[in-house]
Protein chains: 4
Amino acid sequence: MTSNERLRVAVIGGGFMGRMHTQAWRTAPRFFRLPRRVEPAVLVGRRRDGAADASALGWPEYSDDWREVVEREDIDVVDVCTPGDTHAEIALAALAAGKHVLCEKPLANSVEDADRMADAAAAATGVAMCGFSYRRTPALALARSMITDGWIGAIRHVRAQYLQDWLSDPDAPHTWRLDRDRAGSGALGDIGAHSIDTAQWLTGDRIAEVSATVRTFVPDRPPMARANGLGGTGARGARLPVTVDDAVAFTARFEGGALGVFEATRMATGRRNANRIEINGSAGSIAFDFERMNELEYYDAADAAGRQGFRRIQATESEHPYAGAWWPAGHGLGYEHLFVHQVVDFVWATVGATDAGAPTFGEAADLQRVLAAVEQSAANDAVMRTVRRRTEQRRDA
Amino acid sequence: MTSNERLRVAVIGGGFMGRMHTQAWRTAPRFFRLPRRVEPAVLVGRRRDGAADASALGWPEYSDDWREVVEREDIDVVDVCTPGDTHAEIALAALAAGKHVLCEKPLANSVEDADRMADAAAAATGVAMCGFSYRRTPALALARSMITDGWIGAIRHVRAQYLQDWLSDPDAPHTWRLDRDRAGSGALGDIGAHSIDTAQWLTGDRIAEVSATVRTFVPDRPPMARANGLGGTGARGARLPVTVDDAVAFTARFEGGALGVFEATRMATGRRNANRIEINGSAGSIAFDFERMNELEYYDAADAAGRQGFRRIQATESEHPYAGAWWPAGHGLGYEHLFVHQVVDFVWATVGATDAGAPTFGEAADLQRVLAAVEQSAANDAVMRTVRRRTEQRRDA
Amino acid sequence: MTSNERLRVAVIGGGFMGRMHTQAWRTAPRFFRLPRRVEPAVLVGRRRDGAADASALGWPEYSDDWREVVEREDIDVVDVCTPGDTHAEIALAALAAGKHVLCEKPLANSVEDADRMADAAAAATGVAMCGFSYRRTPALALARSMITDGWIGAIRHVRAQYLQDWLSDPDAPHTWRLDRDRAGSGALGDIGAHSIDTAQWLTGDRIAEVSATVRTFVPDRPPMARANGLGGTGARGARLPVTVDDAVAFTARFEGGALGVFEATRMATGRRNANRIEINGSAGSIAFDFERMNELEYYDAADAAGRQGFRRIQATESEHPYAGAWWPAGHGLGYEHLFVHQVVDFVWATVGATDAGAPTFGEAADLQRVLAAVEQSAANDAVMRTVRRRTEQRRDA
Amino acid sequence: MTSNERLRVAVIGGGFMGRMHTQAWRTAPRFFRLPRRVEPAVLVGRRRDGAADASALGWPEYSDDWREVVEREDIDVVDVCTPGDTHAEIALAALAAGKHVLCEKPLANSVEDADRMADAAAAATGVAMCGFSYRRTPALALARSMITDGWIGAIRHVRAQYLQDWLSDPDAPHTWRLDRDRAGSGALGDIGAHSIDTAQWLTGDRIAEVSATVRTFVPDRPPMARANGLGGTGARGARLPVTVDDAVAFTARFEGGALGVFEATRMATGRRNANRIEINGSAGSIAFDFERMNELEYYDAADAAGRQGFRRIQATESEHPYAGAWWPAGHGLGYEHLFVHQVVDFVWATVGATDAGAPTFGEAADLQRVLAAVEQSAANDAVMRTVRRRTEQRRDA
């Protein structure tokens, strides 16, 4: 399953995610055995004058023309780290050019775009993977392997919350993330999408039906400059409208019958990044909170009566997924390392490693359909069934 | 507001709750200053031969005829600790006889009965209080006073879970609590009702609208004896049907706009009595879990930047509601003490102390209407508005 | 082992501990099966006019003459709840009169007194038990049974801290507890004694050697009135000297080789009553903090690799010592219940139940000798060996 | 304070620490603004054939001759990551050649060597820094700034534990770390040294006096191969002697009067890397556990009565030391990042940034003297005073 061929990488996008992916491409080969030699080749940004910054990040080359780069013969991987509204165009071009594609989530801003990408990926030869990085948290990967191996039995409850608070202050400034045209949705697509993906992946089950409600608690916000005290007239009319949700909550029915309760918000004062999930099965339970990302709580109903209790597993031991490649148990990992692990899996996927390239574009497009069902349910005050992609279904057959 | 008159008490019901209330009536005067002298007078049970047990519990008198007792001149308080389907009859008789009435929750098994009781209470002279004992947890009473005083600002999120696991094992035996005719509902009325009451009381707001789903994961269970290994043929037909919900989840809109997410279940493997609530406001948050009943977590958004974090307040200090009457800080209280505090409040209510007698029968009947709305929403897959009692509305005017 | 005889109880001391014991004697028979019928008979106080208060607490009789009471034919149990400097005189008289004696800790203020009491107890027919109530915490009793049954293997580490903070403020007022003549010692005897007793009891081992240091951080304090703002000139000379330790720390060698580290302080700002102990053995560990008294943390080294972690056992389940007599799992107990359990054990000891009457006066006198060794070690900057009582040693033979 | 000169780095040592430092030198410039351009130049190892591995780690050059490298004109920094017994020779050569030197802890295996290194550093022009990496944990750096700014007042208690468990199993294999000749000491120098450094650095105070005890619970262990099941006769004689301490505990007096309690062990079953410290002051407290390295607990005695409690600060916010350069709050950092921060400080120290180069060799040599005092105290069962280096004292003057 290994190959001695090198893998020449282009990262598209020089922002926060571009920097993070750069670090991951650099770090992965130093700690993990990889089947191919990784060669960071070119960083693509929007600015004409980005070369110096690219060089500081260790890139041998910089370009501001993604179209030219994705078609170059000497590029094997296109890693898309741009905002969501550009994903489809870039990824489709890269797939058409025969590249392996890693695309940041959300796959696209619409179900239509996501479907086109999934169709193209299904027809393409390269790997097409969407970057749901939380799957690469060692504690969650451990949870997945435990659940898959039957450690918690048949699943009844999924309880997922993604709580942030950066919009808690009504005068926190407006950003493009609060503009529906650019961001697609608010808390739902940004963080709720992670909860949904994690829940479906951990359980190996799919959400069949949702009943949702959304809130926008603060309908308008000051523009960035004013909030920073850099002038402005203070007239209320100058505030910008928030056109996405601040928060969303929904109940869900999984195909296997489990009851899901989901909540995502940017207004949970005091919760910086509480990406939490608890799953209760007939034989045990797991619980996780990303604010303590190196821990997995696990309850085993088979423990002796009177000796039962949730265990705090420090999920950075040599037996644990990913963690074993790093330092000894009890020496924690950070957010950054999720992206390193994602690169490791992606590289193995390029030589055919089973499941390493998940979620595929198809899986990510199906997730987009769940998001759409949530929005429709909230808009119509009605229970909505989720609809899977036909292509994906055919694949299953 | 005080009175030197004594208060002669009859407790109706000799089961678990009867014992608990007995203990509370005995203990309250030893630790709290009360405006009236409490005299436990008579315990009423169903058994002919209950006198010895009553005596062991310290009761000077025993009776198996509640009708006779509630009409006696020498009884001032009737404390109803029987199963829910008998509440209405006993409480109505006691109110008619001019007694003060403390009635265990749920107030009744139907909205109709609850309304009749609330109407009678509104017309009566005595105190009529429903026993939502969790309100008397010092940490929650502290939370309520902080919220009322504005410490967390305008409320956006209410996140309440009541998680138990005594039905997690599919062969856990059947009990009357799983029979709709006797219990009214399952997790919803038994524990979800506590979450709803706590949420409305803490926020001072009302649930206006709900969207619910319910589950019965295990449709039938072995009768008590078989589960204990005392024989039985093992034929599946011998199992008894479960006619109530194992679990319920719903989203809610509060009148003030807050977004509520509620979940109650008896199948959350490993969670023995996780009665949890978190409330996020514009200026702070509180979080509570009854499994750590002596602690309140509190986040103050006004703390200095970089010094912010959830505080673990040990809510048994001299400044805290109820706790100050007991022992020094850090010496915890137990479940039992909620009932002691309930008695304290009830006694003060009999001399007119404001709010001490809450929740009133009217408030409890309104809660019953929320429960009914949850059930209707689940049955119809539709958002249901809650309807308040007219009497109560008139009172507000 | 049971008896139908009644047990008539006199409590000596009407202060905080007297009230607590009163509550325990009243409560124990209502929740536990006891071999004898408990009859609270008389409360003894120092005040002439204590009868009304005694009556309010439910006592049929009050006396201000303990000598007369301890010799009455109709008294079976003398429960000594007075300050430590009076324990010896009262307990010796009660033992001489053939009573069962329960004596609050510390057994006495000096090794000499403690030895006399232990000698008298060894020669007496009645039960003579010292009230180390923390042994009756369900979580600690569970820990003891697990350790005794070998669940954590051979013991290497004992790590005990008893952290309080009521003297953290340098202007917290002086009390009799800060006066060596009356209190014997400071944090050492008041709370450190609990840690030592718990450590020896849990391990079944004895401290053989100690190396200690003490601190008095605040050498003088305002008298009670001044601290309350009730006048005073504020002249520094008016402050009263603190003649006991604020804090003590020591390392210890147990006879079996385990390494102990102990610390007791009243100056640990923010720690209200953190009575903590952790024990590491070759096969597992336990950890406990009284601020979360209903929880025991337990680590089992035999759990599968990669599935290991400290479990949070809620030690109030039906399988757990004491807790099973109360309400369902997850419904916590409080500080008060330790005293109830102590009464239960004491009553069983009066009919000969093995170990129920521990710690005996002999065991408590040996503890006093450990305290003395700690003080001598601190005074001399030297390692001190602890010396056991001869009587007790003979008993072992 | 900045310079445009580049900083050419040689790392000596290709083991675990060499890899960690390599990663740090690579990562620091990508996330932090640095005053000089960092150029990793050469990796030095012991093996002849190390070039390929060095190249995989991104090093342009490899050498197996450290003497030659430390004298090269084109090297500005020598980063010593070899075992402790070689530190003195390499560091002294590097200082003599005018290089900036970063040396892993412990500075040396003996006080004599440490003093020679400190003397050389005092006379040298370059930066000479010892790698106590835990100082670069954001939560601890936050604690230090809070303590320095007076947030917890006058310090009374220091409570430090460093608990590991990799030797808990008596058949865990022997390693060079258990050989006194090579490792110097056991838990004391390996992990206890971190606790001592952290304690002195956080408090800004020095340990004046110690009273210590040590334990070696398992006197011999199987050689590495046998433990792995790779043959061996199983004869007990084949086990190798453990000549260092498994555990150490000591009480300490700080110059300012604070009471310290320290414990370090590799036998605390279930504790993987519990590097804990709690400090109680007159105005507040801080508490930390490296197993939750992104959190700092903080208690403020000035919080309103009844609203007090330990706050869980997530120490990865923009206001926090180091953390602000990374990703948003709530997205944790890992063990690796301590070394990145160490590089950042070191580079700033090369352009004269105050305190950035701490601990200096002089400070590290003083720490070595505390370790020696601990060992002498344990050996002699006596309280030992610590003795500072004269040079350092002169510096202070």
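Residues with under 20% relative accessible area are called buried here, those over 50% exposed, and those in between partly exposed. Please keep in mind while browsing these views that the model is predicted.

**Figure 1. A salt bridge within chain D joins D:E255 and D:R388.** The closest approach of the two side chains, N to O, is 2.8 Å. D:E255 sits in the loop between β11 (247-254) and β12 of chain D, and D:R388 in the loop between β17 (384-385) and α12 (390-396), so this pair ties together parts that are 133 residues apart in sequence. At 39% relative accessibility, D:E255 falls between the two cut-offs and therefore counts as partly exposed. D:R388, with 24%, also counts as partly exposed.

**Figure 2. In chain A, A:E61 pairs with A:R72.** The closest N and O atoms of this salt bridge are 2.6 Å apart. A:E61 belongs to the loop between α2 (51-56) and β3 (62-63) of chain A, while A:R72 belongs to the loop between α3 (66-70) and β4 (77-80), so the bridge links parts that are eleven residues apart in sequence. Is A:R72 buried or exposed? A:R72 has a relative accessible area of 14% and is therefore buried. Its partner A:E61 has 31% relative accessibility and counts as partly exposed. For context, the structure holds 152 salt bridges over all chains.

**Figure 3. A salt bridge crosses from chain A to chain D.** Here A:E317 meets D:R272, with 2.6 Å between the closest N and O atoms. On one side, A:E317 lies in the loop between β16 (310-314) and α10 (336-349) of chain A. On the other, D:R272 lies in the loop between β12 (259-265) and β13 (274-281) of chain D. Both A:E317 and D:R272 are buried.

**Figure 4. Chain B and chain A meet, with 47 residues from each in the contact.** The area buried between these chains is about 3400 Å², and carbon and sulfur atoms give 50% of it. Which residues of chain B lose the most area to chain A? They are B:R156, B:R215 and B:T269, together accounting for 18% of what that side buries. The count of salt bridges between chain B and chain A is four. In a salt bridge between these two chains, A:R159 and B:E263 bring their closest N and O atoms to 2.8 Å. Polar contacts across this interface number 21 residue pairs, with both residues at pLDDT 80 or more. On the side of chain B that touches chain A, two or more residues come from each of β7 (155-163), β8 (207-215), β11 (247-254), β12 (259-265), β13 (274-281) and β14 (284-289) of chain B. Of these, β11(B) gives the most, with six residues. Sorted by class, this side of chain B has 19 nonpolar, 16 polar and twelve charged residues.

**Figure 5. A turn of 180° lays chain B on chain A.** The superposition has an RMSD of 0.0 Å, and the shift along the axis is 0.0 Å. Why call this a two-fold axis? Because the relation between the copies is that of a two-fold axis. In chain B, the C-alpha nearest the axis is that of B:A382, at 3.0 Å. The same surface serves both copies, as 100% of the contact residues of chain B recur in chain A.

**Figure 6. Chain C and chain B come together through 34 residues from each.** Between them these chains bury about 3000 Å², with 47% of it on carbon and sulfur atoms. How many salt bridges are counted between chain C and chain B? The count is six. In a salt bridge between the two chains, C:E295 and B:R292 meet at 2.7 Å, N to O. A further 22 is the number of residue pairs in polar contact across this interface, both residues being at pLDDT 80 or more. On the side of chain C that touches chain B, α1 (16-31), β16 (310-314) and α10 (336-349) of chain C give two or more residues each. The largest share, eight residues, comes from α1(C). By class, that side of chain C has 13 nonpolar, ten polar and eleven charged residues.

**Figure 7. C:S195 is seen in its helix, α8 (residues 187-203) of chain C.** C:S195 has 4% relative accessibility and therefore counts as buried. Beyond residues up to four places away in sequence, C:S195 touches C:A160, C:Q161, C:Y162, C:F262 and C:N275.

Terms used. Residues are numbered from 1 along each chain as its sequence is written. Chains are lettered from A and ligands numbered from 1 in the order in which they are written. This is a predicted model: local features need pLDDT of at least 70, side-chain atom pairs count only at pLDDT 80 or more; totals for chains, interfaces and linings use all residues. Side-chain values use heavy atoms; hydrogens and water are left out. Contact means heavy atoms within 4.5 Å. Buried area is the accessible area (1.4 Å probe) that two parts lose on being put together, summed over both. A polar contact is a pair of N or O atoms within 3.5 Å; within protein, one must be able to donate a hydrogen and the other to accept it, and residues adjacent in sequence count only if both atoms are side-chain atoms. Helices (H or I, at least four residues) and strands (E, at least two) are DSSP runs, numbered from the N terminus. Ala, Val, Leu, Ile, Met, Phe, Trp, Tyr, Cys and Pro count as nonpolar, Asp, Glu, Lys and Arg as charged, and the others, Gly among them, as polar. Copies are superposed by least squares on the C-alpha atoms of residues with pLDDT of at least 70 in both. Buried means under 20% relative accessible area, exposed over 50%, partly exposed in between (1.4 Å probe, protein chains only).
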